[in-house]
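Colleague: I should like to learn how strand pairing and disulfides are read from a set of coordinates. Could we work through one case together?

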Amino acid sequence: MTSKFLLLLTLNVYYNFMEIQASFTGCDLIKVISLTGQSIVVNYPGTAKAGSNCRYIVKSPVNTAVEASCTFNTAGSQPYCTLQRFLISRSGDLETRDASYVCGKGSTIQKSIGNEIVVAFTSNVLGSGSFQCKFKSITPSDSNCDCGWNVQSRIVGGSYASANEFVSHAGLVYSKTGEVFCGAIIVTQNWALTAAHCFAAYPTASTIGLLVGDHDLKSGSDTIWAALYQLQSYKKHEKYNIETNANDIALARTKTYIKFNRGVGPACMPYTFMHNDIYFDGKSLSAVGWGVTEYAGPSSNILKKAQIQVVNLQTCLQQNKFIDNTKICTKESQSGSSCSRDSGGGLYWSYGKKYAVGIISYGTYCASSVPSVNTRITSYINWIETDPYANCDWTVEFIATGQTYYESNSQNDGSCRFKLISPVNTFIEGSCTVYLDPYYSCSTRRFLSSRSGYNDMRDGYQFCYSGKYNLKSIGNELVISIEKGFASAGSFNCEFTAVAPTNDNCDCGWNVHSKIVNGEATQVNEFVSHVGLVDAATSDIFCGGIIINQQWIATASHCFDAFPDYTKTVALVGDHDITMGSDTTNTALYKLKGFVKHPEYDQDKKSNDIALAEIDGYIKYNPGVGPACLPYLYKNFIFDGVVLTAVGWGTTSFGGPSSDILQKVDLPVMNNEKCATALKDVDVIIDDTKICTDGQGERDTCGKDSGGGMYFFSNRYYAISLVSFGVYCASSYPSVNTRLDKYLGFIETYSKGFICQKY
């Protein structure tokens, strides 16, 4: 399970969704409840065709739940409901695999397990049926929340756990090898607990995945709940000591929220046992993991559990001098002990539900007579709950350009964050007047801004002094925050406006540093507009493309000849080395909504070889992802002899393997008359819609580079043409490319949104 597997998993999830979606064609809707307490009502058939299958996917904010109050009237009778069914999946499963169903006439009230719920109507007969549902987003409380359930309501000598017996157990997976190197405990939809020492050998969050809901790592049929989430960041305890293993606890945050269902959910935290350090002495706890099954032995592919006995601290202290009341010591029982790679996993106390009371930390060696040492979770409840933005974290959406948002904030007692989002293909600009206490350094209080809109400020600007700062987003998202250490945070007054782009204020063609046969590797995110078109079935990049705006990319028409089903293609942006996850933080995958070929495209004569693909959603701009500059300044420009740069992950030799690292090659432009002469034996017309390049038999574009850009650099990158075809790679024949200045009208007519013409 390499990083290639991580990409493949993402694509397969998307592919499966598209297959499921087909059965609800014509009535398949997603409803989002933006705020807790808000309600929405849906009616079927409403505007849908009576008797047709229909599905509603309802989502509420992360770490909330959806309450559904529904009435239904369908054909058929209980218990089999063979004619028509009204289904509810409390986990939000798109296939309704875990759904309960009813028929006839009645009503029901259901609450989602996580923040998603799916209701559906299916019919095997002609005739109408109906339902009405009111969905309400509710904030979890002590009276309505749930945790520590299991579907059935590493480990030396351990027994196999039942599939999804421990819904909160997760594994940390290293993307380069696919190995589960540590365990973890799900706490919320964004966070999991683990051991701080787990990140010593794997310090880069983006190379780590959180595997949830799995049982047998070698099987794909033992559970339907397995999913993999990329980590966004992690936080070790501030006083973790690698030598003494003190405070061996960390929180890992996923890039997207964890979907709760019957097989995946949070552990119960041990609030009941916070003030009783000796409660568990002598008791038996369950340790869970895929760790090695004997000292220096192989890991287990199947999740195992072991019953281990708690040793009182005084006894443990006799054999380990670094023991205090933040630890739980355990010893081997007849059913086993924890071992290597179980680290970070949970010690569970079963008391109706599964309570996570410890985190596996270290031992002398597996199944020895010396007690193993674990982190006592009750000692760190306050640390776990501490969120710097817990009391001040806001999202503001502009409905239209021209709107202005004012924010005045004085956050002396904590940190505060605001995320601003404007309409697609617009941007946000404004200014903030900031006051920061001059007696403290930047490490204790600071003002930050992410022009890309990243909540974790991975590309953020840091301001350490009071003053007035002008800010402008790269795309349509902007995040500002004020953070405090032990000092007072300070205050800020901001004014932001959603702005429609014009040729006076737009930007394009930047690069972070402002195959290709015998090419050289590009710098990371050197070509921010480059796109890879990926086949979802194989995860192979089959063509390139360029970003036009946040909703459209341009590529070659012939790319869709071999891959006509856009639902099985995704666009990869911001990547560099496709085998790694740590070379850039700007990588993202986007589904396609459709594509349009040039109306006069001729496959045989290879004319008008250009197409536009529409993104489902919008591309998030950042320093490593953005639009190309189109050649408005170079209409009818004679490029003879000018060197253009081609970019791609294409094959590095004729019939050879593709490159994992984005490559570039400089190619001189050949005069069209010479090109036509050189290609006289090829059935192709070389006219002013084409640009020929000559690698002189040594350097060239090659297979799978098609659709990618040919760039001219003059302070920024201009996409002059798209790679179209050649006789074969690095031959004595010139390669032929589609000249973009001849198709600006086509691009403007069929694409939506603003295109920068400033440069």
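Modeller: We shall take strand pairing, then the disulfides, and finally a free cysteine. Please keep in mind that this is a predicted model.

Colleague: Let us begin with strand 8. Is strand 8 largely enclosed by the rest of the structure or not, and why?

Modeller: One looks at the burial of each residue, where buried means under 20% relative accessible area. Seven of the eight residues of strand 8 (residues 116-123) are buried, so the strand is largely enclosed by the rest of the structure.

Colleague: In which sense does strand 8 pair with strand 3, and which residue of strand 8 stands opposite isoleucine 57?

Modeller: Strand 3 (residues 54-59) pairs with strand 8 in the antiparallel sense, over six bridges. Isoleucine 57 has valine 118 of strand 8 opposite to it. Strand 8 also pairs in the antiparallel sense with strand 5 (residues 84-89), through six bridges. In that pairing, threonine 122 of strand 8 is opposite arginine 85.

Colleague: How many disulfides does the structure hold?

Modeller: A disulfide is a covalent bond between the sulfur atoms of two cysteines. The structure holds 11 of them. One of these joins cysteine 70 and cysteine 133, with sulfur atoms 2.1 Å apart. Cysteine 70 belongs to strand 4 (residues 65-73) and cysteine 133 to strand 9 (residues 130-138), so this pair ties together parts that are 63 residues apart in sequence. Both cysteine 70 and cysteine 133 are buried.

Colleague: Is the disulfide of cysteine 70 and cysteine 133 right-handed or left-handed?

Modeller: Its torsion about the S-S bond is about 115 degrees, so the disulfide of cysteine 70 and cysteine 133 is right-handed. By contrast, the link of cysteine 81 and cysteine 103 has -75 degrees about the S-S bond and is left-handed. Cysteine 81 lies in the loop between strand 4 and strand 5, and cysteine 103 in the loop between strand 6 (100-102) and strand 7 (105-111), 22 residues apart. Cysteine 81 counts as buried at 1% relative accessibility, as does cysteine 103 at 7%.

Colleague: What is the S to S distance between cysteine 506 and cysteine 756?

Modeller: The distance is 1.9 Å, and a disulfide joins cysteine 506 to cysteine 756. The torsion about their S-S bond is about 60 degrees, so this disulfide is right-handed. Cysteine 506 and cysteine 756 are both buried.

Colleague: Why is the sulfur of cysteine 145 not bonded to that of cysteine 147?

Modeller: A disulfide requires the sulfur atoms to be within 2.5 Å. The closest cysteine sulfur to that of cysteine 145 is in cysteine 147, at 6.0 Å, which is too far for a bond. At 44% relative accessibility, cysteine 145 counts as partly exposed.

Terms used. Residues numbered from 1 in each chain as written. Predicted model: local features only at pLDDT ≥ 70, side-chain atom pairs only at ≥ 80, totals over all residues. Heavy atoms only, no water. Buried < 20%, exposed > 50% of the residue type's maximum accessible area, 1.4 Å probe, protein only. Helix = DSSP H or I, 4+ residues; strand = E, 2+ residues; numbered from the N terminus. Pairing = 2+ DSSP bridges.
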